[in-house]
Amino acid sequence: MEIIIIFTLKLLTELVLMFSVLLVFIIIYLIYCIFSIQHSLFIRSLCRVKTTEKIVFLSFDDGPSSQFTAEILDELKRRDIKAVFFCIGNHAESSPGLVKRIVEEGHLIGNHTYSHDWALTLKSSHEFENELEKAETAIKSIIGREVNLFRPPFGVTNPSIAKAVKKRNLLSIGWDIRSLDTVITDPDKLRRRIIRKLRPGSIILLHDNRCITSLILSELIDDIESNGYKIVPLKPYLSLN
């Protein structure tokens, strides 16, 4: 009997340990997915277009910026390149002329919430939906039409955000190349990082409120093209992916 009790206790200890390890693994995985939009665990996001063609797509977050967005638009217009701009609602209200110009020059525009606050990741689905609606109202009042593209601030997704996005019937657009133009201060290093990660169908994440992005854009486009890639509009590929 004593042997049976010892064996049972040992077995229970091993089971508890096994389930504890499994639980820790699940928690780590969920946290990783919250901060990794590419996994699409909570929200199905287009992070890369499925293609074998050497084409890539430019996207810009956190604008419009009264300092740098116009310069970026100038360069894109000069090169006849179309991009996607994910605008913050309160920035759109501050620079309506830039929002109009983005659309008038043939670029896509998306909802990047109204405030782009870190606290949004902790909000309920109802509160997050209010943020989306407020941003959409701000942008729609400027361009005269609804916005159906969305990019989550910081690339963070969770069940509450997913519920709000689904309710607003928005298409989530992610990326597979995070430029880190909000962190890297060396222009050459930034360009090399992006070029090193290029592959067919890549969606490149940049920010039009950063000086360094405006400074490197022309050379970055040259680098992309010299590597045999073509920058194309995302719109024709949305329905295919």
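How many helices and strands are there in the protein? In this predicted model, the count comes to nine helices and nine strands. The C-alpha trace spans about 85 × 40 × 35 Å along its principal axes. Of the 241 residues in the protein, 49% are buried. As for how the chain meets itself, take the contacts between residues at least 6 apart in sequence: 77% of them join residues at least 24 apart.

Next comes the empty space. Rolling a probe the size of a water molecule over the atoms shows where such space is left. The largest pocket turns out to have a volume of about 310 Å³. It is lined by 21 residues, and those closest to its centre are His-107, Leu-108, Ile-109, Arg-145 and Lys-235. Three elements each hand over at least two lining residues: strand β2 (55-63), strand β4 (108-111) and helix α9 (235-238). Sorted by class, the lining holds 14 nonpolar residues, along with three polar and four charged ones.

On to the aromatics. A pair of aromatic rings is described by the distance of the centres and the angle of the planes. Searching the whole structure turns up four aromatic pairs. In one of them, Phe-60 and Phe-85 have ring centres 5.0 Å apart and planes at 15 degrees, so this pair counts as stacked, the cut-off being under 30 degrees. Phe-60 belongs to strand β2 and Phe-85 to strand β3 (residues 84-87), so the pair ties together parts that are 25 residues apart in sequence. Buried or exposed, where does Phe-60 fall? Phe-60 is buried, at a relative accessible area of 0%, and Phe-85 is buried too, at 1%.

Trp-118 and Phe-154 make another stacked pair, with 4.2 Å from centre to centre and 10 degrees between the planes. Here the partners sit in loops: Trp-118 in the one between β4 and α5 (125-143), Phe-154 in the one between β5 (149-150) and α6 (159-167). That puts them 36 residues apart, so the pair links distant parts of the chain. Trp-118 has a relative accessibility of 44%, which makes it partly exposed, as that class runs between 20% and 50%. Phe-154, at 23%, is also partly exposed.

Two rings have a lysine for company. The charged end of Lys-54 sits over the ring of Tyr-229, 4.6 Å from the ring centre. Likewise, Lys-134 lies over the face of Tyr-114, and the distance to that ring centre is 4.3 Å.

Then there are a few backbone oddities. Most residues other than glycine have a negative phi, and most peptide bonds are trans. Which residues are joined by a cis peptide bond? The bond runs between Gly-63 and Pro-64, with omega at about -5 degrees. Pro-64 is found in the loop between β2 and α2 (69-79). Thr-113 is not a glycine, yet its phi is positive, at about 70 degrees. This residue is placed in the loop between β4 and α5 and is buried, with 0% relative accessibility. Asn-169, not a glycine either, has a positive phi of about 60 degrees. Asn-169 sits in the loop between α6 and β6 (171-173), and its 65% relative accessibility makes it exposed, since the cut-off is over 50%.

Two buried residues help to fill in the picture. Asp-61, in strand β2, is buried at 3% relative accessibility. Leaving aside residues up to four places away in sequence, Asp-61 touches Phe-86, His-112, Arg-151, Leu-205, Leu-206, His-207, Asp-208 and Asn-209. Asp-61 and Asn-111 are 50 residues apart along the chain, and 9.7 Å separates their C-alpha atoms.

Thr-213 lies in helix α8 (residues 211-226) and is buried, with a relative accessible area of 1%. Again without residues up to four places away in sequence, Thr-213 touches Phe-60, Ile-72, Asp-181, Leu-206 and His-207. Leu-206 and His-207 are thus touched by Thr-213 and by Asp-61. From Thr-213 to Arg-193, the C-alpha to C-alpha distance is 13 Å, with their positions 20 residues apart in sequence counted as the separation.

Notes:
Residues are numbered from 1 along each chain as its sequence is written. This is a predicted model: local features need pLDDT of at least 70, side-chain atom pairs count only at pLDDT 80 or more; totals for chains, interfaces and linings use all residues. Side-chain values use heavy atoms; hydrogens and water are left out. On a 1 Å grid over the protein atoms alone, a cavity is a set of points where a 1.4 Å probe fits but cannot get out, and a pocket is an open set with protein on both sides within 12 Å along at least five of seven lines; lining residues have an atom within 4 Å of a point. Grid points are joined across faces, edges and corners, and a volume is the space filled by probe spheres set on the points. Helices (H or I, at least four residues) and strands (E, at least two) are DSSP runs, numbered from the N terminus. Ala, Val, Leu, Ile, Met, Phe, Trp, Tyr, Cys and Pro count as nonpolar, Asp, Glu, Lys and Arg as charged, and the others, Gly among them, as polar. Rings of Phe, Tyr and Trp (its six-membered ring) pair if their centres lie within 6.5 Å; planes under 30 degrees apart count as stacked, over 60 as edge-to-face and the rest as tilted. Buried means under 20% relative accessible area, exposed over 50%, partly exposed in between (1.4 Å probe, protein chains only). A charge sits over a ring if NZ of Lys or CZ of Arg is within 6 Å of the ring centre and within 35 degrees of the ring normal. Contact means heavy atoms within 4.5 Å.
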